[in-house]
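Here are a few exercises to work through with the model open in your viewer. Try each task before you read its solution.

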Amino acid sequence: MNGRFDEVIHAPNRLRICALLAASSVAEFAALREVLGVADSVLSKHVKVLQDAGYVTVSKPTGRGRVKTWVSLTAEGRRAYAGHVQALKALLDTPGLPAGAQHE
(Lines give C-alpha, C1' and ligand atoms only; values in the text may rest on other atoms or scores of the structure.)
Protein backbone atom coordinates (compact mmCIF):
# COMPACT_ATOMS: atom_id res chain seq x y z
CA MET A 1 0.00 0.00 0.00
CA ASN A 2 1.37 3.38 -0.97
CA GLY A 3 0.69 6.07 1.65
CA ARG A 4 -0.82 9.32 0.49
CA PHE A 5 -1.38 12.42 2.59
CA ASP A 6 -5.10 13.18 2.43
CA GLU A 7 -6.24 16.77 3.00
CA VAL A 8 -9.83 15.67 3.63
CA ILE A 9 -8.85 13.31 6.44
CA HIS A 10 -6.06 15.45 7.88
CA ALA A 11 -8.23 17.97 9.75
CA PRO A 12 -7.96 16.94 13.42
CA ASN A 13 -11.63 16.12 14.03
CA ARG A 14 -11.96 14.24 10.73
CA LEU A 15 -8.78 12.29 11.48
CA ARG A 16 -10.21 11.33 14.87
CA ILE A 17 -13.55 10.35 13.30
CA CYS A 18 -11.76 8.09 10.82
CA ALA A 19 -9.60 6.58 13.57
CA LEU A 20 -12.67 5.81 15.68
CA LEU A 21 -14.55 4.32 12.74
CA ALA A 22 -11.54 2.28 11.59
CA ALA A 23 -11.58 0.56 14.98
CA SER A 24 -15.23 -0.41 14.65
CA SER A 25 -17.69 -1.22 11.93
CA VAL A 26 -20.12 1.58 12.84
CA ALA A 27 -20.58 4.29 15.47
CA GLU A 28 -23.59 6.25 16.59
CA PHE A 29 -23.47 9.99 15.91
CA ALA A 30 -24.03 10.83 19.60
CA ALA A 31 -21.15 8.57 20.66
CA LEU A 32 -18.81 10.25 18.16
CA ARG A 33 -19.95 13.65 19.43
CA GLU A 34 -19.20 12.68 23.03
CA VAL A 35 -15.78 11.22 22.28
CA LEU A 36 -14.77 14.26 20.22
CA GLY A 37 -16.30 16.70 22.70
CA VAL A 38 -17.89 18.84 19.98
CA ALA A 39 -21.33 20.24 19.23
CA ASP A 40 -23.74 18.45 16.88
CA SER A 41 -23.20 21.16 14.25
CA VAL A 42 -19.41 20.72 14.31
CA LEU A 43 -19.64 16.95 13.98
CA SER A 44 -22.29 17.25 11.25
CA LYS A 45 -19.99 19.51 9.23
CA HIS A 46 -17.05 17.10 9.46
CA VAL A 47 -19.18 14.04 8.71
CA LYS A 48 -20.63 15.84 5.67
CA VAL A 49 -17.13 16.55 4.30
CA LEU A 50 -16.18 12.89 4.76
CA GLN A 51 -19.47 11.79 3.22
CA ASP A 52 -19.04 14.07 0.19
CA ALA A 53 -15.57 12.55 -0.34
CA GLY A 54 -17.10 9.07 -0.30
CA TYR A 55 -15.28 8.12 2.90
CA VAL A 56 -18.28 7.54 5.19
CA THR A 57 -21.88 6.53 4.94
CA VAL A 58 -24.61 7.83 7.20
CA SER A 59 -27.74 5.85 7.96
CA LYS A 60 -30.83 6.43 10.07
CA PRO A 61 -32.59 3.10 10.41
CA THR A 62 -36.22 3.51 11.33
CA GLY A 63 -37.75 1.47 14.05
CA ARG A 64 -39.38 1.88 17.37
CA GLY A 65 -38.24 4.72 19.58
CA ARG A 66 -35.85 7.53 18.84
CA VAL A 67 -34.16 7.42 15.45
CA LYS A 68 -30.39 7.21 15.80
CA THR A 69 -27.85 8.27 13.21
CA TRP A 70 -25.08 5.79 12.44
CA VAL A 71 -21.79 6.56 10.69
CA SER A 72 -19.41 4.04 9.13
CA LEU A 73 -16.32 4.11 6.94
CA THR A 74 -16.68 2.97 3.35
CA ALA A 75 -14.09 0.68 1.77
CA GLU A 76 -12.71 3.78 0.03
CA GLY A 77 -12.61 5.60 3.37
CA ARG A 78 -10.70 2.74 5.00
CA ARG A 79 -8.14 2.78 2.16
CA ALA A 80 -7.78 6.57 2.32
CA TYR A 81 -7.39 6.51 6.12
CA ALA A 82 -4.81 3.70 5.99
CA GLY A 83 -2.88 5.57 3.29
CA HIS A 84 -2.98 8.79 5.29
CA VAL A 85 -1.71 7.03 8.42
CA GLN A 86 1.07 5.46 6.36
CA ALA A 87 2.04 8.91 5.00
CA LEU A 88 2.12 10.33 8.54
CA LYS A 89 4.32 7.44 9.70
CA ALA A 90 6.66 8.09 6.79
CA LEU A 91 6.99 11.70 7.98
CA LEU A 92 7.94 10.44 11.43
CA ASP A 93 10.53 8.12 9.91
CA THR A 94 12.13 10.88 7.83
CA PRO A 95 15.65 11.49 9.08
CA GLY A 96 16.13 14.86 10.75
CA LEU A 97 19.31 16.81 11.22
CA PRO A 98 22.42 14.72 11.72
CA ALA A 99 23.40 14.25 15.34
CA GLY A 100 25.33 17.27 16.59
CA ALA A 101 24.04 19.60 13.85
CA GLN A 102 23.22 23.07 15.11
CA HIS A 103 21.14 25.91 13.77
CA GLU A 104 23.04 29.06 12.99
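**Exercise 1. Find which residues Ile17 is in contact with, leaving aside its neighbours within four places in sequence.**

Solution. Contact here means heavy atoms within 4.5 Å. With that cut-off, Ile17 is in contact with Leu36, Leu43, His46, Val47 and Leu50. Before going on, note that this is a predicted model, where local features need pLDDT of at least 70, side-chain atom pairs count only at pLDDT 80 or more, and totals for chains, interfaces and linings use all residues. Residues are numbered from 1 along each chain as its sequence is written, and side-chain values use heavy atoms, with hydrogens and water left out.

Next, place Ile17 in the largest nonpolar core (a set of buried Ala, Val, Leu, Ile, Met, Phe, Trp, Tyr and Cys residues joined through side-chain atoms within 4.5 Å; buried means under 20% relative accessible area, exposed over 50%, partly exposed in between, with a 1.4 Å probe and protein chains only). This core has 18 residues, and Ile17, Leu21, Leu43 and Val56 touch the most other members. At least two core residues come from each of α2, α3, α4 (40–52), β3 and α5 (75–93). Helices (H or I, at least four residues) and strands (E, at least two) are DSSP runs, numbered from the N terminus.

**Exercise 2. Describe how α2 packs against α4.**

Solution. Start with the geometry: the angle is about 75° and the axes are 10 Å apart. Axes are lines fitted to C-alpha atoms, for helices over the stretch in contact, and angles run from 0 to 180 degrees between N-to-C directions. So α2 is roughly perpendicular to α4 (under 35 degrees is roughly parallel, over 145 roughly antiparallel, 65 to 115 roughly perpendicular and the rest oblique).

Then list the partners: Asn13, Arg14, Ile17 and Cys18 in α2 meet Val42, Leu43, His46, Val47, Val49 and Leu50 in α4.

**Exercise 3. Do the same for α2 and α3.**

Solution. Helix α2 (residues 12–22) and helix α3 (residues 29–36) have axes 11 Å apart, at an angle of about 125°. That makes the pair oblique. On the α2 side, Asn13, Arg16, Ile17 and Leu20 take part, meeting Leu32, Val35 and Leu36 of α3.

**Exercise 4. Is Thr69 buried or exposed?**

Solution. First locate Thr69, in the loop between β2 (56–59) and β3 (70–73). Its relative accessibility is 17%, so Thr69 counts as buried. Beyond neighbours within four places in sequence, Thr69 is in contact with Ala27, Glu28, Phe29, Val58, Ser59 and Lys60.
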